[in-house]
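Q: Could you take a close look at a single strand with me, covering its partners and the aromatic contacts around it? A connected walk-through would be lovely.

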Amino acid sequence: MLERDHIVEVARSWLGVPYRHQGRRKDRCVDCVGLIIGVGQELGLQLIAPVHYAASPASNLVLKYADDQLVRVENKEFAPGRIAIMWGFDRNEAQHLGVIAKHGGAWTIIHAFSRTGKVVETRWDTFWEKRLVRVYEFPGTRPLEAANG
């Protein structure tokens, strides 16, 4: 089973990796989809992503791939190691995603962000909250009840 703290630790190991659209390599560059694919690979998962997608993917392509490969959290409850998918900035499409974490007691999101030019850990605030579409988990993540019990 995947431990939540380990998922966050792996995601944090990507902090500072330069942002580049369709990037997939920790030693070079990554985008938000590539970050999730890369973290998943480090956790032993074989996730696939769409190829040749636009910088602002249309038709909720991100949700289709997430629904096919990740485990949807119906109530959108946050927990460390879960994945948040958010509306994009230039149209009403699910286009951005990152790993949910906690830092200093506050929720954060670890994501490859074009506006910062790299993978960052950002405090989860109303800017992000109003964009939340869905929450997922990597397959094989320890259930919350087992993690807390």
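**A close look at strand β6**

A: Happily! Please keep in mind that this is a predicted model. In β7, Thr-108 has Arg-123 as its bridge partner, and β6 and β7 (residues 118-123) run antiparallel, joined by 6 bridges. The hairpin of β6 and β7 has 4 residues between the strands, and Gly-117 there takes a positive phi near 75°.

On the other side of the sequence, β5 (residues 94-103) pairs with β6 in the antiparallel sense over 5 bridges; here His-103 has Ala-106 in β6 as its bridge partner. The β5 and β6 hairpin has 2 residues between its strands, and Gly-104 in the turn has a positive phi of about 60°. As for cover, 7 of the 8 residues of β6 (residues 106-113) are buried.

Now to the rings. The whole structure holds 4 aromatic pairs. One of them is Phe-78 with Trp-107, edge-to-face at 5.5 Å centre to centre and 90° between the planes. Because Phe-78 lies in the loop between β3 (71-73) and β4 (83-87) while Trp-107 belongs to strand β6, this pair ties together parts 29 residues apart in sequence. Phe-78 is buried at 15% relative accessible area, whereas Trp-107 is partly exposed at 27%.

Phe-78 also pairs with Trp-124: the ring centres are 4.8 Å apart and the planes stand at 65°, so this pair is edge-to-face. Trp-124 sits in the loop between β7 and α4 (126-129), 46 residues from Phe-78, and counts as buried at 13% relative accessibility. Ring pairs thus link Phe-78, Trp-107 and Trp-124 into a cluster. Finally, the charged end of Lys-102 sits over the ring of Trp-107, 4.5 Å from its centre.

Technical notes
Residues are numbered from 1 along each chain as its sequence is written. This is a predicted model: local features need pLDDT of at least 70, side-chain atom pairs count only at pLDDT 80 or more; totals for chains, interfaces and linings use all residues. Side-chain values use heavy atoms; hydrogens and water are left out. Buried means under 20% relative accessible area, exposed over 50%, partly exposed in between (1.4 Å probe, protein chains only). Two strands pair if DSSP finds at least two bridges between them. Rings of Phe, Tyr and Trp (its six-membered ring) pair if their centres lie within 6.5 Å; planes under 30 degrees apart count as stacked, over 60 as edge-to-face and the rest as tilted. A charge sits over a ring if NZ of Lys or CZ of Arg is within 6 Å of the ring centre and within 35 degrees of the ring normal.
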